[in-house]
Every structure is written in structure tokens, then in C-alpha cells.
Amino acid sequence: QVQLVESGGGSVQTGGSLRLSCEASGYTDSSACVGWFRQAPGKEREGVAVISTGGGRTYYADSVKGRFTISQDNAKNAVYLQMSSLKPEDTAMYYCVARSPSMCSFTWYVPQRFDYWGQGTQVTVSS
């Protein structure tokens, strides 16, 4: 059973930075698409960024390009989301997601394509 555990959320002011971590366990295949979705109150889930653990290819939402960076540490089965220049509109619950075995593709932003979801970590950006 795949488990995803997020950490690193919190409250910051506009322009601040946060780093989210996702530790994964239970993979039986070295190839996976792992990343982050977010959901703000009253809004639909939104893909933020994903990474193919087997090759390192990344995809980002246009709204976070240039501000967020997704990375991985395969030795720790961990994926990170470094968030900089945060804006109030980044405020949301952030969820770690994964599907395995798989590679990320151009439809990465479709939440139904991910089999595994973490519990979520809250990010709040105040103006």
C-alpha cells in the first residue's frame, strides 16, 4: 500500500518562501509520477507540479512557473516543492499525489489520473 506523508506547510507573508516535503512508501516499481495538487476553499483541485521519478521530467502549472521548483531525492523516496515569491492566491491545502508504475505526461494536471493522495498540508499566504 502506497502512503504519502506531507510536511512543511505553514503561514507566511506575501513574498515569503516555504518548502513542502512528501515522503512516499510502498512503491513496488521505481517509476512513478509524483507531485502536488492544491485546493482552495470553494475552488476545484488544481495541479501545481509533478516529477517523473524515473527520469526527472517536470511539469508546472503556468501560475507557479518561475516561483516553484519540484525536486526529488530517490534515496529517501521523497519529493519536495520549494515555493518562493508566494502570493495570497497560493493559499490552499496542498496534497502530495502519486501514481505508479507510471511516467508523468501532458495530462498530468488531471487529478483523476492519480491513485494515491496524502492527507494534505495547509499553506496560508497573507498580504
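What is the handedness of the link of Cys 22 and Cys 96? With -80 degrees about the S-S bond, that link is left-handed.

Before the close-ups, a quick note on the model. This is a predicted model, in which local features need pLDDT of at least 70 and side-chain atom pairs count only at pLDDT 80 or more, while totals for chains, interfaces and linings use all residues. Residues are numbered from 1 along each chain as its sequence is written, and side-chain values use heavy atoms, with hydrogens and water left out.

**View A. The disulfide of Cys 22 and Cys 96 joins strand E3 to strand E9.** Let us start with the link from the opening question. A disulfide here is a pair of cysteine sulfur atoms within 2.5 Å, and the structure holds two of them. In this one, the sulfur atoms of Cys 22 and Cys 96 are 2.0 Å apart. The pair links distant parts of the chain, 74 residues apart, with Cys 22 in strand E3 and Cys 96 in strand E9. Strands (E, at least two residues) and helices (H or I, at least four) are DSSP runs, numbered from the N terminus. Cys 22 counts as buried at 1% relative accessibility, and Cys 96 is buried at 0%. Buried means under 20% relative accessible area, exposed means over 50%, and partly exposed lies in between (1.4 Å probe, protein chains only).

**View B. The disulfide of Cys 33 and Cys 104 is right-handed.** Here the sulfur atoms of Cys 33 and Cys 104 lie 2.1 Å apart. The torsion about their S-S bond is about 105 degrees, so this disulfide is right-handed. Cys 33 belongs to strand E4 and Cys 104 to the loop between E9 and E10, so the pair ties together parts that are 71 residues apart in sequence. Cys 33 is buried at 0% relative accessibility, and Cys 104 is buried too, at 8%. If you number the bonded cysteines of the chain in sequence order, the pairing reads 1-3, 2-4.

**View C. Phe 37, Tyr 95, Phe 114 and Trp 117 form one aromatic cluster.** Rings of Phe, Tyr and Trp (its six-membered ring) pair if their centres lie within 6.5 Å; planes under 30 degrees apart count as stacked, over 60 as edge-to-face and the rest as tilted. By this rule there are five aromatic pairs. One of them is Phe 37 with Phe 114, edge-to-face at 5.4 Å centre to centre with 65 degrees between the planes. Phe 37 sits in strand E4 (residues 33-39) and Phe 114 in the loop between strand E9 (92-99) and strand E10 (116-117), a separation of 77 residues. Both Phe 37 and Phe 114 are buried. Tyr 95 and Trp 117 have ring centres 6.1 Å apart and planes at 65 degrees, so they too are edge-to-face. Tyr 95 lies in strand E9 and Trp 117 in strand E10, so this pair ties together parts that are 22 residues apart in sequence. Trp 117 is partly exposed, with a relative accessible area of 28%.

**View D. Arg 19 and Arg 99 each place a charged end over a ring.** A charge sits over a ring if NZ of Lys or CZ of Arg is within 6 Å of the ring centre and within 35 degrees of the ring normal. The charged end of Arg 19 sits over the ring of Tyr 80, 4.0 Å from its centre. For Arg 99, the ring beneath the charged end is that of Phe 114, with its centre 5.0 Å away.

**View E. Ser 31 lies in the loop between strand E3 (18-25) and E4.** At 16% relative accessibility, Ser 31 counts as buried. A polar atom of the Ser 31 side chain lies 2.7 Å from the backbone oxygen of Ser 102. Leaving aside neighbours within four places in sequence, Ser 31 is in contact (heavy atoms within 4.5 Å) with Thr 53, Ser 100, Pro 101, Ser 102 and Met 103.

**View F. Strand E8 (residues 78-83) is largely enclosed by the rest of the structure.** Five of the six residues of E8 are buried. Two strands pair if DSSP finds at least two bridges between them. Six bridges join E3 to E8, which run antiparallel, and Leu 20 has Leu 81 as its bridge partner in E8. Strand E7 (residues 68-73) also runs antiparallel to E8, joined by six bridges, and the partner of Thr 69 in E8 is Gln 82. E7 and E8 form a hairpin with four residues between them, and Asn 77 in the turn has a positive phi of about 50 degrees.

Terms used
Polar contact = N/O pair within 3.5 Å; in protein donor to acceptor, adjacent residues only side chain to side chain.
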